[in-house]
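User: I would like a close look at one part of this model, namely the strand that follows the opening helix, together with its surroundings. Please set out its packing, its ionic contacts and its place in the whole chain.

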Amino acid sequence: MKFGEAIEALKEGRRVARQGWNGKGMWLVLIEAGNAMHKSSAGAFAMQPCIGMKTAQGGMQPGWLASQPDMLAEDWTVAE
């Protein structure tokens, strides 16, 4: 599917991935507002909605940004 369709799938609560990604088990998910907190000496702040990536190393990286190849790709799939 195309990138716009992948974004819509994220909004529906589904996970998406690209077939062309080299890392095993990588996928994206929409992290809803309030799902996490930023805590530091500056205070505690509720996180805003963002796209997170489940990395090949098993971590969750919030704030994933699409590259131009990602946006133009048509190999997006739903990762169930």
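Analyst: The answer below begins with the chain as a whole and then turns to the requested strand and its partners.

The model is a predicted one. Its protein chain contains two helices and seven strands, and from the N terminus these elements follow the order α-β-β-β-β-β-β-α-β. The C-alpha trace spans about 40 × 25 × 25 Å along its principal axes. Of the 80 residues in the chain, 30% are buried. The accessible surface amounts to about 5,300 Å², and carbon and sulfur atoms account for 54% of that area. Among contacts between residues at least 6 apart in sequence, 51% join residues at least 24 apart.

The strand in question is strand 1, residues 16-18, and V16 belongs to it. V16 has a relative accessible area of 0% and therefore counts as buried, the cut-off for that class being under 20%. Leaving aside neighbours up to four places away in sequence, V16 touches M1, A6, A9, L10, W21, W27, L28, W76, T77, V78 and A79. Of these partners, A6, A9 and L10 fall within helix 1, which covers residues 3-11, while W27 and L28 fall within strand 2, residues 27-31. W76, T77 and V78 fall within strand 7, residues 76-78.

These contacts are the setting for the largest nonpolar core, which has 19 residues. V16 is among the residues with the most contacts inside that core, together with W21, L28, M53, W64 and W76. Helix 1, strand 1, strand 2 and strand 5 (50-54) each supply at least two residues of the core.

At the other end of strand 1, the ionic contacts come into view. R18 lies in strand 1 and D70 in helix 2 (residues 68-72), so their pairing ties together parts that are 52 residues apart in sequence. The side chains of R18 and D70 meet in a salt bridge with an N to O distance of 2.9 Å. Both R18 and D70 are buried; D70 falls in that class because its relative accessibility is 8%. The bridge is also part of a network, in which salt bridges with shared partners join R18, D70 and D75. Beyond neighbours within four places in sequence, D70 is in contact with F3, R18, W21, W64 and W76. W21, W64 and W76 in turn are among the core residues with the most contacts, and W21 and W76 are also partners of V16.

A search of the whole structure finds four salt bridges, and the loop that leads into strand 1 takes part in one of them. R14 forms a salt bridge with E80, their closest N and O atoms being 3.4 Å apart. R14 sits in the loop between helix 1 and strand 1, whereas E80 sits in the segment after strand 7, so that the pair links distant parts of the chain, 66 residues apart. With regard to solvent, R14 counts as partly exposed because its relative accessibility is 35%. E80 has a relative accessible area of 69% and is therefore exposed.

Helix 1 itself carries a local salt bridge. The side chains of E8 and K11 meet with an N to O distance of 3.8 Å, and the two residues are three places apart in the helix, about one turn. E8 is partly exposed because its relative accessible area is 42%, and K11 counts as exposed because its relative accessibility is 57%. Over the chain as a whole, the mean positions of the 8 positive and 8 negative charges are 7 Å apart.

A point outside the strand's surroundings offers a contrast. A36, in the loop between strand 2 and strand 3 (37-40), is 20 residues from V16 in sequence and 21 Å from V16 in space, C-alpha to C-alpha. A36 is partly exposed because its relative accessible area is 31%. Apart from residues up to four places away in sequence, A36 touches F45, A46 and M47. A36 and P49 are 13 residues apart in sequence and 9.7 Å apart in space, C-alpha to C-alpha.

In summary, strand 1 contains the buried V16, with a relative accessible area of 0%, and R18, which is bridged to D70.

Technical notes. Residues are numbered from 1 along each chain as its sequence is written. This is a predicted model: local features need pLDDT of at least 70, side-chain atom pairs count only at pLDDT 80 or more; totals for chains, interfaces and linings use all residues. Side-chain values use heavy atoms; hydrogens and water are left out. A nonpolar core is a set of buried Ala, Val, Leu, Ile, Met, Phe, Trp, Tyr and Cys residues joined through side-chain atoms within 4.5 Å. Buried means under 20% relative accessible area, exposed over 50%, partly exposed in between (1.4 Å probe, protein chains only). Helices (H or I, at least four residues) and strands (E, at least two) are DSSP runs, numbered from the N terminus. Contact means heavy atoms within 4.5 Å. Accessible areas come from the Shrake-Rupley method with a 1.4 Å probe; for residues, only the protein chains shown count as cover. Lys and Arg count as positive and Asp and Glu as negative; His and the chain ends are not counted. The place of a charge is taken as NZ of Lys, CZ of Arg, CG of Asp or CD of Glu.
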